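Visitor: I am new to this structure and would like to go through it by question and answer. Please show it first.

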Amino acid sequence: MDAKKGLYSFGEIEGKWQRFWEESRLFKAPDCDPSKPKYYVLDMFPYPSGQGLHVGHPEGYTASDIVARYKRAKGFNVLHPFGWDAFGLPAEQHAIQTGTDPKETTQNNINNMRRQTKSLGFSYDWDREVATTDPKYYKWTQWIFLKLFNSYFDEAEQKARPIDQLPVPEGLSDAEKAKYIDDHRLACEAEVPVNWCPALGTVLANEEVVGGLSERGGHAVIRKPMRQWMLRITKYAERLLDDLTEVDWPESIKKLQTDWVGKSIGADVDFKVDGFDETIRVFTTRPDTLFGATYMVMAPEHPLVDKITSQDRREAVRTYREAAARKSDLDRTDLAKEKTGEPIGAHAINPVNGEKIPIWISDYVLISYGTGAIMAVPAHDERDFEFATKFNLPIIPVVEPADAEQAEAVRQGTLCFIGDGRAINSGDFSGLSTAEFKEQITDWLQKRDLGKKTVNYKLRDWLFSRQRYWGEPFPILHGPDGQIMAISEDELPLKLPAVTDYKPTGTGEPPLANALDWVNVTLSDGSKAKRETNTMPQWAGSCWYYLRYLDPDNDQQGWAPEKEQYWMANGGIDLYIGGAEHAVLHLLYARFWHKLLYDLGYVTTKEPFKKLINQGMILGEDGQKMSKSRGNVVNPDKVIAEYGADSMRLYEMFMGPLEAIKPWSMQGVEGVHRFLQKLWRAVVDRETGELAEAIEDAQADEPTLRLLNQTIKKVGDDIETFSFNTAISAMMIFVNHLSRLSVRPKAVVEKLVLILAPFAPHIAEELWEKLGHAGTLAYEPWPEYDRELIREKKIELAVQVNGKIKDRIVVPADADEEQIKQKALVSEKVAAAIAGRELRKVIVIKSRLVNIVI
RNA sequence: GCCGAAGUGGCGGAACUGGCAGACGCGCGGGAUUCAAAAUCCCGUCCUGGCAACAGGGUGAGGGUUCGACUCCCUCCUUCGGCACCA
């Protein structure tokens, strides 16, 4: 019975300290504390799923918690909040199937996941918890939407401004004026072909369609024009690109974002249509290849196709266009291998040489990019080359590669060369380099009003409406004559009404359309209006949650300016940790909203997330992705019950580098658990549960002091570089050393406990208490290390002969090169290896090795 | 196809700016303790040969630079992630 006292009973210890932290509000972050530097460390908040936490969640959370606890010890005022990205499809699907209010499902899921999250002992300031589904929260999501709605983008200034500052042309009727304004809003309505998913009864964002199927559920998706809300993120393309230079993110993520924005510089060139008073504008990044244009291709949807198609081609063109319109994205991808198209019987006139070239339509040209039409230069564009080869169209080489063999193949028309070279067959421009040609031809076109320099982006405007129930309602009314009206800010939040049926109507009308009492509104002047029945996508709430954490209870403002200035100082959030799956969308959307808020003066930094780290995925024990169907899912609750939260945390960090993808191992958990056990036994008496007798107020011996100081340095340095795995390994080495000592100096153990605390806070607190300290160690200063004590007195060097190790020598740490050299040369083994041959060179690398070259 | 990341023992991984490859943990083998087991402790554990001292080989493959390469350069292979006709 007594023997039990001294056991490491992690369950009790963890419960005890978690209660203490919670009840004492230990991690509450005081706003605007001028006495300390601030540190804002943020986790990507999770969707509260019915499955609860999986082992991937605590990976990032543990990493951020280690940093948070470490920074507190380093004297920072740390903001470390948590919340819930709680709108989302699963709760709505559940509602459709069972009739349960998503609000209820969501609340239950949050409660469960909060319990799980708390059981890991993270040092969140729970008083700042937010949920995007809370009307007190989405009031401000709606408020930001109104800011988008009530702003336009000033191209000259490259920034958003309030819509009432928009210069409106003179002489417009009221209706025209309203339309002009509406067309300039950053949030506007548009009739756009969207990804309609009949099975889900909703429209999906491009990102939610994978290979022509819905990301969730894998249902077929077709294209259908519908009235939708769009956010004009494209206006910010240039700034989203430029400001990437200001953030400290992994280069690979920056590159993903850069490619997603997809800037390309080229020229718009106007081609006259032969026999019509029409011109077709094309975009090209290679205006230097204009002389090599042998045909033109328009997207099937191009508005001019109908007008200029010749009588004898009309039937074929109509058939082709219908087929193209019916194609889903999946079909388009499938058919990408084989090019298709139809000539439309019209010709365009090449502005540089007056050549008549045939016009085709083909779905390899996209209506949504550039001008929806291209000049085809098969000699220097692979897609055009493929098309021309298939349909036997002429290929004229106009760029000569430097390589003679390639040049010959290009002349023969057998090789498509897309690189830079020297111009040929290009009239007066022949002989120019690609770069010179581009510049000169662009000027030439511009002077003659035939074209101009143009920049295009792959980035599309953001489709912002969903035909779903479980999302933020738009604060928008549609008037009797179709006017779009924003509801005023003081009417926010516009709450989601309770409904009885969550099913999509199937016609594309959202479920909210059935909530008639809510939809129909009588305005103050007695006229009738209808509420917008679309809701916002899940991204909306996650675009700005980091700002709400600054001031979560404020019902007058989304956040107070002075709090934003304090917590977002020095370039924003100091550390943002989350999964790489959000590399593009969430981060891009959030940056976009942040820039709008910056333009309007609500935030003071250009970018929200100064430093970003992605944690890697955790695989099942079989090395496969964890999934229920594979049966390899690891349940955190079970791990904690068996080994404790500290072991769980420690293992998550010990597995390998944070960013790496790595498989789970229960035996690995056991390994770190043994480490904690060993530490416990080294400090706590097995029988009494009191401090072990070996713990004394004694002076530590030199090797112990040296190792201790090395460990303190290593752990601190490793936390700074997020190398948590090697930090843990260093502490293991130290505990191995400590457990072999018969006298374990108390001061040494105390320092060890303090550096372990960010990783395994519960056991650290308990040991700290047993070491005789009242209260918590959470705000104890991080131990300093002594440079002098770290230094070894004697060091071992390897001695190589011609790069092969022959012997090892021990020299004083301060030995100079000559001394080391002499010592190396007297070694018998070295002498044997040299075997009397002449020394050509002796290389001495202090504190590393000696290499003798013979 | 294009872009990005990565390939190190039986396994997860370590190795600073080019300087002793395999830290730490797992697993495995042997031993101590025990009536026995669990737990714990000690020793060993990259491969090949050898009782051993030792010798040789070794960081996906091949080549190069260097006194010296897991690390830098070139070519190729494999795995994972992203994009997918963006003119």
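Visitor: Is Glu278 buried or exposed?

Guide: A word beforehand: this is a predicted model. A residue counts as buried when its relative accessible area is under 20%. The relative accessibility of Glu278 is 19%, so Glu278 counts as buried.

Visitor: Which side chain meets that of Glu278 in a salt bridge?

Guide: Glu278 lies in the loop between strand 12 and strand 13 (279–284), and its partner lies in helix 9 (residues 305–308), so the bridge ties together parts 29 residues apart in sequence. The N to O distance is 2.7 Å. The partner is Lys307.

Visitor: How many residues apart in sequence are Asp127 and Lys28?

Guide: Asp127 and Lys28 form a salt bridge, with 3.2 Å between the closest N and O atoms. Asp127 belongs to the loop between helix 4 (102–118) and strand 4 (130–131), while Lys28 belongs to the loop between helix 1 (10–23) and strand 1 (38–43). Asp127 has a relative accessible area of 28% and Lys28 one of 45%, so Lys28 counts as partly exposed. The pair links distant parts of the chain, and the separation is 99 residues.

Visitor: In which strand does the salt-bridge partner of Glu238 lie?

Guide: The side chain of Glu238 forms a salt bridge with that of Lys263, at 2.8 Å from N to O. Glu238 is in helix 7 (residues 237–242), 25 residues away from its partner in the chain. Lys263 is partly exposed at 34% relative accessibility. Lys263 lies in strand 12 (residues 263–273).

Visitor: How many salt bridges does the count give?

Guide: A pair counts when a side-chain nitrogen of Lys or Arg is within 4 Å of a carboxyl oxygen of Asp or Glu. By this rule, the count is 52.

Visitor: In what order do the 4 strands of the open sheet come?

Guide: The edge strands, each pairing on one side only, are strand 33 (804–812) and strand 34 (841–845). Strand 32 (residues 794–801) runs antiparallel to strand 33, and 8 bridges join the two. The pairing in the sheet is mixed, and the order is 33-32-35-34.

Visitor: What is the bridge partner of Ile795 in strand 33?

Guide: Strand 32 and strand 33 are joined by 8 bridges. For Ile795, the partner in strand 33 is Val811.

Visitor: At about what angle does helix 28 run to strand 33?

Guide: Helix 28 (residues 817–825) lies across strand 32, strand 33, strand 34 and strand 35 (849–853). Neighbouring strands of the sheet are turned by 20° against each other on average, with direction ignored. The angle of helix 28 to strand 33 is about 130°.

Visitor: To which residue does the backbone nitrogen 3.0 Å from a polar side-chain atom of Asn851 belong?

Guide: Asn851 is in strand 35, and Asn851 is buried, with a relative accessible area of 16%. Setting aside neighbours within four places in sequence, its contacts include Gln800, Val801, Asn802 and Gly803. The backbone nitrogen in question is that of Gly803.

Visitor: Which helix gives the largest share of the surface near RNA strand B?

Guide: There are 49 residues around RNA strand B, and those that come nearest are Ser264, Thr285, Arg383, Arg808 and Arg848. Elements giving two or more residues to this surface include helix 8 (251–261), helix 22 (666–683) and helix 24 (724–740). The largest share is 7 residues, and it comes from helix 24.

Visitor: How many Å separate a base nitrogen of RNA strand B from a polar backbone atom of Glu796?

Guide: Of the atoms of RNA strand B within 4 Å of the protein, 63% belong to sugar or phosphate and the rest to bases. A sugar or linking oxygen is 2.3 Å from a polar backbone atom of Thr285. For the base nitrogen and Glu796, the distance is 3.1 Å.

Visitor: How many residues of helix 21 are buried?

Guide: Helix 21 (residues 645–654) is mostly covered. Among its buried residues are Ala645, Met648, Leu650 and Tyr651. Of the 10 residues in helix 21, the number buried is 9.

Conventions:
Residues numbered from 1 in each chain as written. Chains lettered and ligands numbered in written order. Predicted model: local features only at pLDDT ≥ 70, side-chain atom pairs only at ≥ 80, totals over all residues. Heavy atoms only, no water. Buried < 20%, exposed > 50% of the residue type's maximum accessible area, 1.4 Å probe, protein only. Pairing = 2+ DSSP bridges. Axes fitted to C-alpha atoms, helices over the stretch in contact; angles between N-to-C directions. Contact = heavy atoms within 4.5 Å. Near = heavy atom within 4 Å. Polar contact = N/O pair within 3.5 Å; in protein donor to acceptor, adjacent residues only side chain to side chain.
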